[in-house]
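Here's a quick tour for anyone opening this structure for the first time. Have a look at it, then read on.

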Amino acid sequence: MLKQFVRNVILGRFYEIALSTDERKLADDAVNHKYIRAIRQASFFSILLIPSLLLLDTEIVVSILIPTTMVAGTAWFAISLAAMKQKFEKFGTELTTDLFVAFTLSLMMLFLAALASLTMEFWKPDIPNMIVEVIGGEPRAKAIAAGLAM
């Protein structure tokens, strides 16, 4: 399902181009081994941020995420495998995949922080209190939320 979303929605216009068999194989490998992996990892780790958005000051979280997103996105975009020698291809692919994961994760976390900030009036009265009750106290809940955010 995620693979189809990436191919049809995110890269839909790219796949409309007449590609040779080798070019299509290269694009499919990138989708399967780089983009799908990055989106799955970023989705999983961004879920860990939700308690901190509900319990902690989102300004602190956002002030950390903005430079992280900028650096990871710039580095991922700037590194090109076109000039790499064949013997470094595997390392280069791994490096760009990791940079894409960092960029995607930072971007997802910024989205969640914006969503939490913009919808705070709806959830602020109830959800934090429920989380604190389940975990057993506000200091413990905030410490766990901070740990998950880190």
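Let's start in the middle of things: setting aside neighbours within four places in sequence, Leu65 is in contact with Leu49, Ser106, Met109 and Leu110. Keep in mind that this is a predicted model. The protein has nine helices and zero strands, so there's a simple fold string to go with it, given below.

**The nonpolar cores**

- Leu65 also turns up in the largest nonpolar core, which has 18 residues.
- Along with Leu65, the members that touch the most other members of this core are Leu49, Leu53, Leu55, Val61 and Met109.
- Two or more residues of this core come from each of α4 (50–55), α5, α6, α8 (127–135) and α9.
- Which element gives the most to this core? That's α6, with six residues.
- There's also a second, separate core of six residues, and Val6, Ala27, Val31 and Ile36 are among them.
- As a bit of background, nonpolar side chains in soluble globular proteins tend to be buried together.

**The overall picture**

- Reading from the N terminus, the elements go α-α-α-α-α-α-α-α-α.
- The protein has 150 residues, and buried ones make up 29% of them.
- Take the contacts between residues at least 6 apart in sequence: 75% of these join residues at least 24 apart.
- The protein exposes about 10,100 Å², and carbon and sulfur atoms supply 67% of that area.

**The second largest pocket**

- How much space lies in the second largest pocket? About 360 Å³.
- The lining of this pocket is made of 19 residues, and those nearest its centre are Leu49, Val61, Ile64, Ala149 and Met150.
- The elements giving two or more residues to the lining are α5 (58–78), α6 (89–118) and α9 (138–149).
- α5 gives the most to this lining, with six residues.
- Sorted by class, the lining has 16 nonpolar residues, two polar ones and one charged one.
- Two names come up twice here: Leu49 and Val61 sit among the residues nearest the pocket's centre, and both are also in the largest nonpolar core.

**Three residues to look up**

- Thr104 is found in helix α6. Is Thr104 buried or exposed? Thr104 is buried, because its relative accessible area is 11%, and the cut-off for buried is under 20%.
- Leaving out residues up to four places away in sequence, Thr104 touches Ala38, Ile39 and Ala42.
- Ile144 belongs to helix α9. With a relative accessible area of 39%, Ile144 is partly exposed, since that value falls between the 20% and 50% limits.
- Ile144 and Pro51 are 93 residues apart in sequence, yet their C-alpha atoms are 8.2 Å apart in space.
- Met150 is placed in the segment after α9. Met150 counts as exposed because its relative accessibility is 84%, and exposed means over 50%.
- Where does Met150 sit relative to Ser52? The two are 98 residues apart in sequence and 9.5 Å apart in space, C-alpha to C-alpha.
- Met150 also ties back to the pocket, as one of the lining residues nearest the centre of the second largest pocket.

Methods
Residues numbered from 1 in each chain as written. Predicted model: local features only at pLDDT ≥ 70, side-chain atom pairs only at ≥ 80, totals over all residues. Heavy atoms only, no water. Helix = DSSP H or I, 4+ residues; strand = E, 2+ residues; numbered from the N terminus. Buried < 20%, exposed > 50% of the residue type's maximum accessible area, 1.4 Å probe, protein only. Contact = heavy atoms within 4.5 Å. Areas by Shrake-Rupley, 256 points an atom, 1.4 Å probe, with all protein chains shown as cover. 1 Å grid on protein atoms, 1.4 Å probe; cavity = no way out; pocket = protein on both sides within 12 Å on 5 of 7 lines; lining within 4 Å. Points joined across faces, edges and corners; volume = space filled by probe spheres on them. Nonpolar A, V, L, I, M, F, W, Y, C, P; charged D, E, K, R; others polar. Core = buried A, V, L, I, M, F, W, Y, C linked by side-chain atoms within 4.5 Å.
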